[in-house]
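Q: Please take a close look at one part of this model: a pair of neighbouring strands and what surrounds them. Keep it brisk.

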Amino acid sequence: MTILAECPICRRKQSVKKKACPCGQDLDKAKKSRTVKYWVSYRMPDGTQRRELVQGEGIDSHSIEDARAFEAKRKVQKRERRVFDMLPRRT
């Protein structure tokens, strides 16, 4: 599992360790101004890869701390084999 940062200009998802986006945006400044959204990327038990925006009740998608907590929650669900809790609900 990994946490990805989305560039506010080009919407490219990349490692949180990157300092600048290829489009020229300074990601460190964008992170401080809280314009970067965070995504969690993980593999399902069947091998398919999923990418999910960090969001939910009481979760800020612009906070790296909330992204780390969201990633930890997904790791626990994967370890406990609760795959259906990880899938989005269809309406």
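A: In this predicted model, strand β3 covers residues 37-43 and strand β4 covers residues 49-53. The two pair in the antiparallel sense, over five bridges. One of the partnerships joins tyrosine 42 to arginine 50 in β4. Together β3 and β4 form a hairpin, with five residues between them. Glycine 47 sits in that turn and has a positive phi of about 100°.

Now the other strands. β3 also pairs with strand β1 (residues 2-6), again in the antiparallel sense and over five bridges. Here threonine 2 stands opposite serine 41 of β3. The hairpin belongs to an open sheet of four strands, ordered β2-β1-β3-β4, with antiparallel pairing. β2 (13-15) and β4 stand at the edges; each has a single partner strand, so one side of each lacks a neighbour in the sheet. From one strand to the next, the twist averages 40°.

Next, the helix. α2 (residues 64-79) lies across β1, β3 and β4. Its direction is at about 15° to β3.

Side chains complete the picture. The largest nonpolar core has 12 residues in all, including Tyr38, Val40, Tyr42, Ala67 and Phe70. β1, β3 and α2 each supply at least two residues of this core. Valine 40 deserves a separate look. Leaving aside neighbours within four places in sequence, valine 40 is in contact with Thr2, Arg50, Arg51, Glu52, Val54, Ala67, Phe70 and Glu71. Among these contacts, Val54, Ala67 and Phe70 are also members of the core.

How values were computed: Residues are numbered from 1 along each chain as its sequence is written. This is a predicted model: local features need pLDDT of at least 70, side-chain atom pairs count only at pLDDT 80 or more; totals for chains, interfaces and linings use all residues. Side-chain values use heavy atoms; hydrogens and water are left out. Two strands pair if DSSP finds at least two bridges between them. Axes are lines fitted to C-alpha atoms, for helices over the stretch in contact, and angles run from 0 to 180 degrees between N-to-C directions. Contact means heavy atoms within 4.5 Å. A nonpolar core is a set of buried Ala, Val, Leu, Ile, Met, Phe, Trp, Tyr and Cys residues joined through side-chain atoms within 4.5 Å. Buried means under 20% relative accessible area, exposed over 50%, partly exposed in between (1.4 Å probe, protein chains only).
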